[in-house]
Amino acid sequence: MAHSVGMLGQECFDLKNKAIAHLLDYSFIDEIPTIDYSLLFSKDHNERAKSLEHLGKACQDFGFFYLINGVEERVVEGALKGISDFFELTNQEERSEYLKKNPMDRIRWYLRSDAGENRENLKIVTHPEYHCPSKPDSCKDAIGEYLKGMHEVELGLAKAISTTLGYEETYIEKEFKLEAGFDVATLNLYPPSLQSKGSTGLAEHTDPGFFVSLIQDVNGGLQVLSHKGNWITVNIPRNTIFIGIGDHLEILTNGKYKSHIHQVILDNNEVKRISMATLHGPSLDTFVAPAPGFIDDCHPPAYRGMTYNESLELNGFDEIDVQSSLIQLQMPLSL
């Protein structure tokens, strides 16, 4: 028995050393990988296998990637115009109608301009029911069409990522109950740097849920913290969606696929910037904890389990705020 425990200890030691060696190889890390969504479902077996391998590496080695051929370009451009129209064709008094009213708000607007945050935004619950201001007319339909397409992409990525983890295609969809998933989109308007009251558009944070998707009209501001501790500026190519792993996929996989800290800096913003970040989450009643398949003697549970709703409200926030509680859910390290 003593011999087997010693062997197990050596195995864990070797695994940790391999992980450290892997993390020290950062020659590849600063270039954000691009995933072609269409190739993940290619009828060519070799092409599909290669694309899935690339996706698995992007999830494990980066935690974020660019996605192409997911939602039609005209639909993405239409959504961005809809967001612009909301901020341009309504006045601040009209938008303030959506200031916080109660914890169950499904549309919420706010404006901040201080050293810690500079942006105006509108948060809308988009799934399982779609909520959006009725004015202007161009906003609701255009954003709704994009979100419908993005939900299909979400289900497709759930299948593909499940496969990269060695599970059946339906694994994540079932674990997170994605058909009833709680999705929230944040429509952002960031000012040019000359009009801001500080360099920070949005402070460092991670996002809860399965993953976050982002579209924007101009590049500038978004930065993601890499494995080696460098801030990578995210310059999203045209007709491309930025995808970042969410906290709850990190929890489900016991840290195999990690969410990453990101922030928005306004220093180089010469013009205003519009973006929409959509947090694609489990259903509110889904209990998320490290799955048994990601736990063993070398990888004990690193997070405590909790329903998605409880995790969103853990720090005193409301569901629509979709604030991270990852730090509070992390188990203390055992020595």
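Which strands does helix H2 lie across, and at about what angle does H2 run to E2? In this predicted model, H2 lies across E1, E2 and E10, and its direction makes an angle of about 145° with E2. I shall begin with the sheet to which these strands belong, and then turn to the helices and to three individual residues.

The sheet is open and has 8 strands, in the order E1-E2-E10-E7-E12-E5-E4-E3, with mixed pairing. Its edges are formed by E1 and by strand E3, residues 107-113; each has a single partner strand, so one side of each is left without a neighbour in the sheet. On average, and with direction ignored, neighbouring strands here are turned by 25° against each other.

Let us consider strand E2, residues 64-68. Of its 5 residues, 4 are buried, so E2 is largely enclosed by the rest of the structure. The connection from E1 to E2 passes through helix H2, residues 45-62, and this β-α-β crossover is right-handed. The pairing of E2 with strand E1, residues 34-36, is parallel and comprises 3 bridges. Within this pair, Thr-34 is found opposite Tyr-66 of E2. With strand E10, residues 240-245, E2 pairs in the antiparallel sense, over 5 bridges. Tyr-66 takes part here as well, its bridge partner in E10 being Phe-242.

A further antiparallel pair is that of strand E4, residues 118-127, and strand E5, residues 183-190, which are joined by 7 bridges. In this pair, Glu-120 faces Leu-189 of E5.

I now turn to Ser-213, which belongs to strand E7, residues 211-216. Is Ser-213 buried or exposed? Its relative accessible area is 0%, and since the cut-off for burial is under 20%, Ser-213 counts as buried. The side chain of Ser-213 makes a polar contact of 2.8 Å with that of His-280. Beyond four places in sequence, the residues that Ser-213 touches include Tyr-146, Met-150, Ile-241, Phe-242 and Ile-243, as well as Met-276, Ala-277, Thr-278 and His-280. Phe-242 is thus a contact of Ser-213 and also the bridge partner of Tyr-66.

Next, the helices. Helix H3, residues 73-89, and H5 have axes that come within 8 Å and cross at roughly 145°. The crossing of H3 past H5 is left-handed. On the H3 side, the residues that meet H5 include Arg-74, Val-75, Val-76, Gly-78, Ala-79 and Gly-82. On the H5 side, those that meet H3 include Ser-138, Cys-139, Ala-142, Ile-143 and Tyr-146. Tyr-146 is also among the contacts of Ser-213.

Helix H5 spans residues 137-164 and contains His-151. With a relative accessibility of 13%, His-151 counts as buried. Apart from neighbours within four places in sequence, His-151 is in contact with His-127, Leu-178, Glu-179 and Asp-183.

Finally, Ile-172 is located in helix H6, residues 171-176. How far apart in space are Ile-172 and Ala-158, C-alpha to C-alpha? The distance is 5.7 Å, although the two residues are 14 residues apart in sequence. Ile-172 is buried, at 0% relative accessibility. Setting aside residues up to four places away in sequence, Ile-172 touches Ala-158, Ile-161, Ser-162, Leu-165, Lys-177, Leu-178, Phe-210 and Leu-249. Leu-178 is therefore listed among the contacts of Ile-172, and His-151 is in contact with Leu-178 as well.

Key:
Residues numbered from 1 in each chain as written. Predicted model: local features only at pLDDT ≥ 70, side-chain atom pairs only at ≥ 80, totals over all residues. Heavy atoms only, no water. Helix = DSSP H or I, 4+ residues; strand = E, 2+ residues; numbered from the N terminus. Buried < 20%, exposed > 50% of the residue type's maximum accessible area, 1.4 Å probe, protein only. Polar contact = N/O pair within 3.5 Å; in protein donor to acceptor, adjacent residues only side chain to side chain. Contact = heavy atoms within 4.5 Å. Pairing = 2+ DSSP bridges. Right-handed = clockwise from strand over helix to strand, strands pointing away. Axes fitted to C-alpha atoms, helices over the stretch in contact; angles between N-to-C directions. Left-handed = near helix turned anticlockwise from the far one by under 90°.
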